[in-house]
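Grab a pencil and open the viewer. Here are a few short exercises, each with a solution that goes step by step.

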Amino acid sequence: MVRLIAGLVGLFFSGMLLISFVTGAYTAVTEPVAPTVESQFHKHPKKVSFKHDGPFGSYDKAQLQRGLKVYAEVCSACHSLNQVAFRNFEDLGYSEDEVKAIAKGWKTEVPSINPETGEPATRPGLPSDKIPSPYANETAARAANNNALPPDLSLMTKARHNGPAYVYSLLTGYQAVPANLPKESRPGTGLHYNPYFANLNLAMAPPLTGDDQVTFDDGTKATKDQMATDVAAFLTWTAEPKMEARKTAGWASLIFLIIFTALCYLSYRTIWADKKH
Amino acid sequence: MSFPWANEYKPQHPVMQWVDERLPLPRFVYNAIGGGYPVPRNLNYWWNFGVLSGVALMIQIITGIILAMHYYASIDGAFNSVEHIMRDVNGGWFIRYAHMNGASFFFIVVYIHIFRGLFYGSYKAPREMVWLLGVVIFLLMMATGFMGYVLPWGQMSFWGAQVITGFFSAIPVVGEPLRQWLLGGFAPDQAALNRFFSLHYLLPFVILGAIILHVWALHIPGSSNPTGVAVKAESDTVPFHPYYTAKDGFGLGLFLIAFVLVTFFAPNMLGHPDNYIPANPMSTPAHIVPEWYYWPFYAILRAFTVDFAIPFTGIVIIPAKLMGVLAMFGSILLLFFLPWLDTSPVRSGKYRPLFRKFFYVLVFNIGVLGFCGVMPAEEPYVMLSQLAAAYYFAHFLIILPIVSRIEKTAPLPNSITEAVTGKPLETAAA
């Protein structure tokens, strides 16, 4: 009885699936789906390599400092970095005093309350503060950006496939609109063509406009490519600040486990030595 | 219950004797996973995965309890509390990555454990109850895994919850009210997040209880083995400790090496980038995909595209969406009936040439379903998933009962001892 009912249920499900298959195949032949514009024009991120790649890679602190400068002078005009605190910049090689100075001199002040009147106010940043957002709230951000919302960048390199290369490609990937791009996919007012962006049209105007847009303290020439690479590295650090500790702990665990496993294997062989199995 | 030749627990130390007379807990452990449990001597490495599943559950419970100390189940605070764990809690990044990848590793070892049972006929008499409890554990794991994925309240958390709870709205009449009751609202929100957190903390302990029953039921007939031939004499078995504790120790080492490689060097490999974007009910991700361990079932869900209807009348008896939901649950529930669908008296696939071929097709087929589950619902993936899902149901419900009836099985060894030593049981020494 169980097998009879099972057989009937099996015939029903498999039969419905085969009918679905035939219907789908018929539709696929008679009404082929046209490839989407995105699938034709969208590009995968460019290849770019960093010192922090691979199982031994560690951050290039000079590069992270340059990346911070690009963020502070360019990106932070619109994008927040709300998971990162000023004190975290000590990881980039800054001293405590330098961090204090960076926090104090940050161009957006930290929201606060006037201690005398209780009215909303702002005060200079402290190392313990999270990086203040450039806009008071989402409405203000949209109002200033043609109704587009500049996303927070703290986790951007983990929130996209191949994130660091994506950031680099997006920043260096603005192009003239291809002549064969269908009319409905052409960028409208306030949009910019960028094939590395999922739907090709990006509300962000090209942020890196030319060489020497920022002046690096270590004398590195600030080419567009250099700035894009450095800020991509910096955003890798903001998304994964514990990466170096993670890799170090990984190697230590691995060495321990290899010895542990070898000893286990030897005891296994010893215990089973006189037992055929 | 055990074999008559099982070692008896004989505590030497007066303290242990005193404890044993009053509460024989050490005796219980000795008989369950110590020298008092005789196990077939011919188990291969596929038999390591039961113990590894238990280890994986313990990793999840320990890391999970620590995470819960720092996590904040609030739609405004959950995402940031996870980032707080990743950045500011001492070693928090390790605990969180271990928990996140531990779930995947738990499913990897459990899937191997299930396929081992399928191949060697471990579900057959007298071990049906072991199998049934195993399916219950699997269902509990899927529910726990789903609710855990919602907790970080990222984009995939939110939209995954939206899609999965949406299954219930396919049920006629009561579907939509049932969905709202389960969620505590019209969409996933604070009420849903709170109850998911509560249940996500509860269910692992229910799983632990079910595992105790699973092992208890296993100890009645004792472990199966690669030949599928029942234990007949003492020379067929070895005590669990030290023989299999040593072998499991080696297996555990290999498992932990794989776990460490992913957790420390590619911790986000098995996750979806969209879950690093905070949940936003106003913005739907381009492709909503569940975690990899649900992909085959997600493919079955989406494979039904045609309503079950009376032709030319337009009367729909079962809409395609409902059928997909029924099939998805059915694809797991049918496993409960497996011991009675496969009637072959031979347990092990080693001696079942025809069964073995279909088994390999099934493994490949589930791989195909998994692939279809992660791809967008477009052609040719939908068509591929329809063929693969049709085979999945046919395999268990039609092919297995027929194969076990018509198959000519290979001759079985007379005993485990004979299979191992080549000598008949009577003359072979241990």
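Two strands count as paired if DSSP finds at least two bridges between them. Helices (H or I, at least four residues) and strands (E, at least two) are DSSP runs, numbered from the N terminus. One heads-up: this is a predicted model, where local features need pLDDT of at least 70, side-chain atom pairs count only at pLDDT 80 or more, and totals for chains, interfaces and linings use all residues. Residues are numbered from 1 along each chain as its sequence is written, while chains are lettered from A and ligands numbered from 1 in the order in which they are written.

**Exercise 1.** Work out how β3(B) and β4(B) pair, and find the residue with a positive phi in their hairpin.

Step 1: Find strand β3 (residues 308-310) and strand β4 (residues 315-318) of chain B; they pair in the antiparallel sense over 3 bridges.
Step 2: Pick B:Ala309 and look across to β4(B), where its bridge partner is B:Val316.
Step 3: Check the 4 residues between the strands: B:Phe312 takes a positive phi near 65°.

**Exercise 2.** Now do likewise for β1(A) and β2(A).

Step 1: Strand β1 (residues 110-113) and strand β2 (residues 120-123) of chain A run antiparallel, joined by 4 bridges.
Step 2: A:Ile113 has A:Pro120 as its bridge partner in β2(A).
Step 3: This hairpin has 6 residues between the strands, and A:Gly118 takes a positive phi near 80°.

**Exercise 3.** Decide whether B:Phe358 is buried, exposed or partly exposed, and list what it touches.

Step 1: Locate B:Phe358 in helix α14 (residues 353-374) of chain B.
Step 2: Recall the cut-offs: buried means 20 or more other C-beta atoms within 10 Å of the residue's own, exposed means 12 or fewer, and partly exposed is in between, with C-beta atoms placed from the backbone.
Step 3: B:Phe358 has 19 other C-beta atoms within 10 Å, so B:Phe358 is partly exposed.
Step 4: Contact means C-beta atoms, placed from the backbone, within 7 Å. Not counting residues up to four places away in sequence, B:Phe358 touches B:His395, B:Ile399 and B:Val403.

**Exercise 4.** Describe the side of chain B that touches chain A.

Step 1: The contact takes 51 residues from chain B and 49 residues from chain A.
Step 2: On the chain B side, the largest share, 13 residues, comes from α10(B).
Step 3: Sort that side by class: 37 nonpolar, 8 polar and 6 charged residues. Here Ala, Val, Leu, Ile, Met, Phe, Trp, Tyr, Cys and Pro count as nonpolar, Asp, Glu, Lys and Arg as charged, and the others, Gly among them, as polar.

Methods:
Two residues are in contact if their C-beta atoms, placed from the backbone, lie within 7 Å.
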